[in-house]
Amino acid sequence: MKALSFRYAVPGDAAIVAANLRAEDRAECLAMGTLDIAGELAAAIATPGTETLAVLHEDRPIGLFGIQPETAASDRAGVWFLGTDELNQYGREIVEVTRRYFALKLMCYSVLYNYVDSRYLASVKYLKLCGAKFIPEKARMMNKVLFHYFEVR
């Protein structure tokens, strides 16, 4: 199996990843109220002050992940990751890269955070392996779906 590579995302990556999104990632986006997933990904790539990276297999994007500070001066930033089914073959490598990425970003931010669809057990497990701590009292419902709040410090 050929190793993954990474680069800063470009606008065309959004449509490719969105068109091939894992069913669980699509369900999570829809539960959050995101109907135009490709448009949201393209907006994330284009937003100043954010960082969006592409996960590549043979130079083809199979995942996107990013970080968005709350404000330009904030020490807190939201993190996210969406991928295609092909990404599932690289679980161990993705966990290792995510841990390193989180460690690097924690030099700039005191807290990385977001919400994850409680139905998406593989994502919850992945986040735990990457050092995320879940805070039950911050969980919330979105469109009748429970989302767990997590932080990485």
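Which residues of the largest nonpolar core touch the most other members? In this predicted model, they are Val55, Ile67, Phe81, Ile94, Phe102, Leu112 and Tyr126, out of 25 residues in that core. At least two residues of the core come from each of strand 2 (51-57), strand 3, strand 4, helix 4, strand 5, helix 5 (121-129) and strand 8 (145-152). The greatest contribution is that of helix 4, with 4 residues. A further core of 13 residues lies apart from this one and includes Leu21, Ile37, Leu41 and Leu82. In soluble globular proteins, nonpolar side chains tend to be buried together.

Ile67 illustrates the surroundings of a core member. With neighbours within four places in sequence left aside, Ile67 is in contact with Thr50, Glu51, Ala77, Gly78, Val79, Trp80, Tyr101, Lys105, Tyr109 and Leu112. One of these contacts, Leu112, is also listed among the core residues that touch the most other members.

The strands that supply the core are considered next. Strand 3 (residues 60-69) and strand 4 run antiparallel and are joined by 7 bridges. Their connection is a hairpin, which passes through 6 residues. Across this pair, Gly83 of strand 4 stands opposite Gly63. Strand 4 itself spans residues 76-83 and is mostly covered, with 6 of its 8 residues buried.

Strand 4 also pairs with strand 5 (residues 111-117), here in the parallel sense and over 3 bridges. Within this pairing, Gly78 has Tyr113 of strand 5 as its bridge partner. Together with helix 4 (residues 91-105), strand 4 and strand 5 make a β-α-β unit, and this unit is right-handed.

Strand 5 is largely enclosed by the rest of the structure, because 6 of its 7 residues are buried. Strand 5 pairs with strand 8 as well, in the antiparallel sense and over 6 bridges. In that pairing, Leu112 is the bridge partner of Val152 in strand 8.

The segment after strand 8 contains Arg153. This residue counts as exposed because its relative accessibility is 64%, and the cut-off for exposure is over 50%. Apart from neighbours within four places in sequence, Arg153 is in contact with Leu106, Ser110 and Val111. Arg153 and Ile67 are 86 residues apart along the chain, and a separation of 14 Å is found between their C-alpha atoms.

A charged residue in a covered position is found in helix 2 (residues 23-31), namely Glu28. Although buried, Glu28 has no salt bridge. The nearest side chain of opposite charge is that of Arg22, 7.8 Å away, whereas a salt bridge requires the charged atoms to lie within 4 Å. Not counting residues up to four places away in sequence, Glu28 touches Leu82, Tyr115, Val116, Asp117, Tyr120 and Phe147. Among these, Leu82 is also a member of the core of 13 residues.

How values were computed:
Residues numbered from 1 in each chain as written. Predicted model: local features only at pLDDT ≥ 70, side-chain atom pairs only at ≥ 80, totals over all residues. Heavy atoms only, no water. Buried < 20%, exposed > 50% of the residue type's maximum accessible area, 1.4 Å probe, protein only. Pairing = 2+ DSSP bridges. Right-handed = clockwise from strand over helix to strand, strands pointing away. Core = buried A, V, L, I, M, F, W, Y, C linked by side-chain atoms within 4.5 Å. Contact = heavy atoms within 4.5 Å. Lys, Arg positive; Asp, Glu negative; His and termini not counted.
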